[in-house]
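Subject: Structure for your review

Dear colleague,

Please find below the structure that I am handing over to you. I would be grateful if you read the notes that follow with the structure open beside them.

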Amino acid sequence: MVRDILDTESMGYACVYPLDNGGRKEYMISLSPENLANFIGTYGLEAEKIVVTDPFDRLIVNTQMWFLDSCPDRQLCRELIASLAPIQMGEQEARNPLAVNRETADEYFREEDQLVIMAELAMQ
C-alpha cells in the first residue's frame, strides 16, 4: 500500500481526532482529490476533525466531522468537493482510501533506508 501511495506522486499525512476523545490516529495518504474524498468519507463521521498536511507540514485540508473547514488550494478544493459531495449526499459509497497507519509507513521507510545502506556498503 505504501508503494501505491508513493506511485500517486502526491503523498501526505492525515491526523484523525476521534469524537470519543480517544487518541488521534495518524495515516500516510495519497493527496489526490478523489482519495482525500474517500478518506474523509470513510473516517469523517467518526472524527471531530481531520487535519491533512503535506510532508512539510503545510495544511492541505482541515475538516470538522466530514465537512471541509479549510482548504487553502482553491483548485484542489473544487476537485475535492466534486468527489466528496456525492459521498456526503449518499449518492455513492466512499471507496477504500489509499492510506496506511503512520507506524506502517515509518517501518517501510526504515527498511528502505537499511536496504540503501546495505547496497552502498556492497558497492565499496
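Which backbone nitrogen does the side chain of N35 reach at 2.5 Å? The model in which this was examined is a predicted one. In it, the backbone nitrogen in question belongs to L98.

The surroundings of N35 may be described further. The residue lies in helix α2, which covers residues 33–43. N35 has a relative accessibility of 6% and therefore counts as buried, since the term applies to values under 20%. Leaving aside residues up to four places away in sequence, N35 touches I29, S30, P97 and L98. L98 thus appears both among these contacts and as the residue whose backbone nitrogen the N35 side chain reaches.

The second topic is strand β3, formed by residues 47–53. Is this strand mostly covered or mostly uncovered? Strand β3 is mostly covered, as five of its seven residues are buried.

Strand β3 also pairs with two other strands, as set out here:

- With strand β1 (residues 11–18), β3 pairs in the antiparallel sense over six bridges. One of the bridge partners is V52 in β3, which is matched with A14.
- With strand β4 (residues 59–64), the pairing of β3 is likewise antiparallel, over five bridges. Here I50 has T63 in β4 as its bridge partner.

Finally, β3 and β4 form a hairpin with five residues between the strands. In this hairpin, D57 takes a positive phi near 70°.

Yours sincerely,
A colleague

Technical notes
Residues are numbered from 1 along each chain as its sequence is written. This is a predicted model: local features need pLDDT of at least 70, side-chain atom pairs count only at pLDDT 80 or more; totals for chains, interfaces and linings use all residues. Side-chain values use heavy atoms; hydrogens and water are left out. Helices (H or I, at least four residues) and strands (E, at least two) are DSSP runs, numbered from the N terminus. Buried means under 20% relative accessible area, exposed over 50%, partly exposed in between (1.4 Å probe, protein chains only). A polar contact is a pair of N or O atoms within 3.5 Å; within protein, one must be able to donate a hydrogen and the other to accept it, and residues adjacent in sequence count only if both atoms are side-chain atoms. Contact means heavy atoms within 4.5 Å. Two strands pair if DSSP finds at least two bridges between them.
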